[in-house]
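This report looks at helix packing, side-chain burial and charged pairs in one protein chain. The structure is shown first, and the discussion follows it.

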Amino acid sequence: MLLDDASAEFHEFFERHYAELARLAHLLTGETDAADDLAADALVALWQRWDRLRQADHPLAYARGVVANLARGRIRSAVRERLRITLFWSRIPEKVEGPDMAAVLDVRSALARLPFRKRACVVLRHAFDLSEKDTAAALGISVGTVKSQTSKGMAELERILGARAVGDLVAGRRNR
């Protein structure tokens with residue numbers, strides 16, 4: 001294929017998957033502004049390897065993995081920055097007496113409380129309807145790890161949101 005054909009293929013891939021990748025980034029980080037940046041950064045990385053990726057069986061799985069890795073890096077960076085600020089000001093973090101019920105009911109808030117791998121598995125399995133195999137491929141982990149992390153993540157969401165709320169969310173996803 002000519003370079004123009006590769007460019008056209010990538011442009012089509014971009015148009016078809018950018019919104020989904022941005023949505024994935026948003027659900028993983030909880031940051032609307034960062035989601036667009038992460039999706040764009042992932043697509044730049046894909047473009048740089050497009051000659052090889054366009055021949056792959058599942059370039060979208062690879063793209064999801066890149067987004068997940070970029071999101072993980074952003075979260076780690078934010079945590080390190082918060083720690084540096086806390087140490088700089090030598091303040092003891094304020095204790096929260098109880099959960100904010102409005103925030104507990106918000107699924108995004110509940111997802112933000114999950115560790116990254118559990119959150120990624122739950123989001124890919126339930127928000128994106130990916131199979132265990134596709135989720136494993138996107139995150140570069142085994143199918144068994146996807147199963148256990150999804151199960152544990154759902155259990156934590158049930159604890160945070162309540163079993164009925166989580167059941168309603170999963171049932172609503174199936175009825176779409």
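Which side chain meets arginine 125 in a salt bridge? In this predicted model, the partner is glutamate 132, with a distance of 4.0 Å from N to O. Glutamate 132 has a relative accessible area of 27% and is therefore partly exposed, since buried would require a value under 20%.

**The contact of α7 with α8**

Both of these residues also take part in a helix contact, which is made by Ala120, Cys121, Leu124 and Arg125 on the side of α7 and by Glu132, Thr135, Ala138 and Leu139 on the side of α8. By residue character, this contact divides into five nonpolar, one polar and two charged residues. Helix α7 spans residues 116-127 and helix α8 residues 132-139, and the two pack at an angle of about 135° with their axes 10 Å apart. The two helices are therefore oblique to each other, because an angle has to be over 145 degrees to count as roughly antiparallel. The crossing of α7 and α8 is right-handed.

Helix α7 is mostly covered, with nine of its twelve residues buried. Among the buried residues of α7 are Ala120, Cys121 and Leu124, each of which also belongs to the contact with α8. The buried set of α7 further includes Lys118, Arg119 and His126, together with Phe116, Val122 and Val123. Just after α7, aspartate 129 adopts a positive phi of about 55°.

**Salt bridges**

The structure holds five salt bridges in total, and three of them are set out below.

| Basic residue | Acidic residue | N to O distance |
|---|---|---|
| Arginine 64 | Glutamate 20 | 2.4 Å |
| Arginine 74 | Glutamate 31 | 3.0 Å |
| Arginine 125 | Glutamate 132 | 4.0 Å |

The salt bridge of arginine 64 with glutamate 20 links distant parts of the chain, since arginine 64 lies in helix α4 and glutamate 20 in helix α1 (residues 3-29), 44 residues apart. The two partners fall into separate accessibility classes: arginine 64 counts as buried at 10% relative accessibility, whereas glutamate 20 counts as partly exposed at 21%.

The side chains of arginine 74 and glutamate 31 also meet in a salt bridge. Arginine 74 is in helix α4 and glutamate 31 is in the loop between α1 and α2 (32-48), so this pair ties together parts that are 43 residues apart in sequence. Arginine 74 is partly exposed, with a relative accessible area of 36%, and glutamate 31 is likewise partly exposed, at 30% relative accessibility.

**Two further positions in helix α4**

Where does valine 66 lie, and is this residue buried or exposed? Valine 66 is placed in helix α4, which covers residues 59-89, and with 13% relative accessibility valine 66 counts as buried. Once its neighbours within four places in sequence are left aside, valine 66 is in contact with Ala42, Ala45 and Leu46. For one of these, alanine 45, the separation from valine 66 is 21 residues in sequence and 8.1 Å in space, taken from C-alpha to C-alpha.

Asparagine 69 also has its place in helix α4, but asparagine 69 is partly exposed, with a relative accessible area of 45%. The C-alpha atoms of asparagine 69 and alanine 25 are 9.9 Å apart, although 44 residues separate the two in sequence.

Key
Residues numbered from 1 in each chain as written. Predicted model: local features only at pLDDT ≥ 70, side-chain atom pairs only at ≥ 80, totals over all residues. Heavy atoms only, no water. Axes fitted to C-alpha atoms, helices over the stretch in contact; angles between N-to-C directions. Helix = DSSP H or I, 4+ residues; strand = E, 2+ residues; numbered from the N terminus. Parallel < 35°, antiparallel > 145°, perpendicular 65-115°, else oblique. Left-handed = near helix turned anticlockwise from the far one by under 90°. Contact = heavy atoms within 4.5 Å. Nonpolar A, V, L, I, M, F, W, Y, C, P; charged D, E, K, R; others polar. Buried < 20%, exposed > 50% of the residue type's maximum accessible area, 1.4 Å probe, protein only.
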